[in-house]
Amino acid sequence: MMHWENFVRKVEPYSPGEQPQFDKMIKLNTNENPYPPSPLVCSMIQNMDMDLLRRYPSPSVEPLVGKIAEYFGVKNSNVFVGVGSDDVIAMLFMTFFGSDKPIFFPDITYSFYDVWADMLNIPYEKKPLDKDFLINVDDYKGENGGIIFPNPNAPTGIFMPLDKVEEIIAVNRDIIVIVDEAYIDFGGISAISLIDKYDNLVVTQTFSKSRSLAGMRIGYCIGSEKVIKYLNDVKYSFNSYTMNQCAIMSGVASIEDDEYFKEMCDKVVKTREWVKKELKSLGFEFPDSKSNFIFATHPKIDCVDLFNWLRDERIFVRHFSKPERINNYLRITVGTDDEMRTFINKVKEYIDMR
Ligand code: PMP
């Protein structure tokens with residue numbers, strides 16, 4: 001090993017779902033939205049004033065922060081915007097999880113949490129989901145240095161009712177509780193309504209899923225003024241201009257088209273409910289998803305084999321080999337009706353062939 005390698009910060013990185021580059025494929029592996037962003041976003045980009053690119057963007061991410069605040073009926077000082085919610089959550093870890101007590105999160109959850117914790121030397125304890133993949137609220141009542149969980153959880157898609165979310169926040173008033181609501185717009189109820197009541201609560205959301213803007217990288221969180229101030233102090237000590245001008249203006253245009261946003265969310269939800277029925281009739285089992293994906297297993301099918309077979313057919317879904325308890329599950333993102341019809345037909349073909 002070279003001398004300098006002794007001083008490298010060695011990390012095991014998060015591995016995102018693959019982004020295959022085929023002209024024709026059905027991509028159901030990274031929970032992207034199958035529909036385009038609002039036409040207002042497209043025309044904003046086409047007509048963008050190039051002078052905006054010559055200048056630095058607003059360090060406080062205006063006018064997007066103002067738009068988000070107005071949308072949720074909070075103050076600008078309650079909103080922080082970052083480069084996708086991954087950026088926002090990484091900043092939250094860096095800012096608030098500095099205790100020597102472990103932070104808590106579920107054992108089956110977004111697999112970036114332990115990567116950030118390892119990267120930042122934050123001790124953590126994973127709390128096992130129960131046999132039905134539910135979060136056990138009592139697990140989150142011990143001494144800890146912070147809490148994070150997605151609601152709905154990923155990759156299970158299960159939504160935890162707000163009274164249970166509140167119970168976790170209420171018994172942990174001395175530490176920061178992050179509720180990661182990346183998938184909230186597909187049928188969940190947001191904890192943003194609890195922000196006024198609990199200054200230890202931070203809710204993160206994203207434009208990547210329900211607003212079809214994964215490629216633009218826009219995420220945000222809502223919390224007390226104090227929380228947002230601390231978060232901004234860390235951001236400004238790192239990089240003042242995280243959000244580019246095109247992303248800021250795209251976010252504004254997306255929020256301005258609420259009718260389109262709601263229509264697209266409804267479409268995804270309708271397709272999801274139809275796919276659930278189809279999968280059930282084929283013998284698949286899955287928790288009841290309130291997100292834009294279904295986490296399914298089959299008592300008689302080797303799901304890794306099915307995954308590989310679908311892949312050869314250029315249909316991409318996601319498989320997680322760890323933990324062992326979920327290694328016969330596939331996470332299937334909800335695509336368009338046409339895509340899902342083809343997917344279901346291919347799965348039938350696979351079953352018939354065996
Ligand atoms: N949280 C969860 C639970 C996710 O699944 C994802 C998507 N990978 C994110 C946060 C981050 O999404 P983005 O950075 O695109 O906002």
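1. Helices here are DSSP runs of H or I with at least four residues, strands are runs of E with at least two, and both are numbered from the N terminus. With that in hand, you can place R314: this residue is found in the loop between helix α10 (residues 303-312) and strand β10. Please also keep in mind that the structure above is a predicted model.

2. Let us stay with R314 for a moment. Its phi is near 60°, which is a positive value in a residue other than glycine. That deserves a second look, because most residues other than glycine have a negative phi. Is R314 buried or exposed, or somewhere in between? R314 has a relative accessibility of 38%, so it counts as partly exposed; the partly exposed class runs between the 20% limit for buried and the 50% limit for exposed.

3. N31 makes a good partner for R314 in your notes. N31 is not a glycine either, yet its phi is positive, at about 55°. You will find N31 in the loop between β1 (26-27) and α1 (39-46). Its relative accessible area is 0%, and therefore N31 is buried.

4. Next, look at the peptide bonds before two prolines. E62 and P63 are joined by a cis peptide bond, with omega at about 5°. P63 belongs to the loop between α2 (51-54) and α3 (64-72). The bond from A154 to P155 is cis as well, and its omega is near 10°. P155 sits in the loop between β5 (146-150) and α6 (162-170). These bonds are worth finding in the viewer, because most peptide bonds are trans.

5. Now turn to the ligand. Which residues surround the ligand? They are G84, S85, D86, Y110, D180, A182, Y183, T206, S208, K209 and R217. Sorted by class, this shell has three nonpolar, four polar and four charged residues. Which element gives the most to the shell? Helix α4 (residues 84-96) does, with three residues.

6. Some side chains around the ligand can be followed atom by atom. A polar side-chain atom of D180 is 2.6 Å from a ligand nitrogen atom. For Y110, a polar side-chain atom lies 3.1 Å from a nitrogen atom of the ligand. T206 brings a polar side-chain atom to 2.6 Å from an oxygen atom of the ligand. How much of the ligand's surface does the protein bury? On its own the ligand exposes 400 Å², and the protein buries 91% of that. As for the site, the space that the ligand takes is the largest pocket.

7. S85, one of the residues around the ligand, has its place in helix α4. S85 has a relative accessible area of 10%, which means that S85 is buried. S85 and R217 are 132 residues apart along the chain, but their C-alpha atoms are separated by 8.0 Å. R217 is also listed around the ligand.

8. Loops can hold buried residues too, and Y198 is an example: this residue lies in the loop between β6 (177-180) and β7 (201-206). Y198 counts as buried because its relative accessibility is 6%, and the cut-off is under 20%. From Y198 to S224 is 26 residues in sequence and 7.9 Å in space, C-alpha to C-alpha.

9. F320 gives another loop example, found between β10 (315-316) and β11 (329-333). Is F320 buried or exposed? At 15% relative accessibility, F320 counts as buried. F320 and R331 are eleven residues apart along the chain, and 8.4 Å separates their C-alpha atoms.

10. Finally, visit E18, which is in the segment before β1. E18 has 31% relative accessibility, so it counts as partly exposed. E18 and L282 are 264 residues apart along the chain, with 27 Å between their C-alpha atoms. Try picking out this pair in the structure above, and then go back to S85 and R217, whose C-alpha atoms are separated by 8.0 Å.

Conventions
Residues are numbered from 1 along each chain as its sequence is written. This is a predicted model: local features need pLDDT of at least 70, side-chain atom pairs count only at pLDDT 80 or more; totals for chains, interfaces and linings use all residues. Side-chain values use heavy atoms; hydrogens and water are left out. A residue is near a molecule or strand if one of its heavy atoms lies within 4 Å of it. A polar contact is a pair of N or O atoms within 3.5 Å; within protein, one must be able to donate a hydrogen and the other to accept it, and residues adjacent in sequence count only if both atoms are side-chain atoms. Accessible areas come from the Shrake-Rupley method with a 1.4 Å probe; for residues, only the protein chains shown count as cover. On a 1 Å grid over the protein atoms alone, a cavity is a set of points where a 1.4 Å probe fits but cannot get out, and a pocket is an open set with protein on both sides within 12 Å along at least five of seven lines; lining residues have an atom within 4 Å of a point. A molecule sits in a cavity or pocket if more than half of its atoms lie within 2 Å of its grid points. Ala, Val, Leu, Ile, Met, Phe, Trp, Tyr, Cys and Pro count as nonpolar, Asp, Glu, Lys and Arg as charged, and the others, Gly among them, as polar. Buried means under 20% relative accessible area, exposed over 50%, partly exposed in between (1.4 Å probe, protein chains only).
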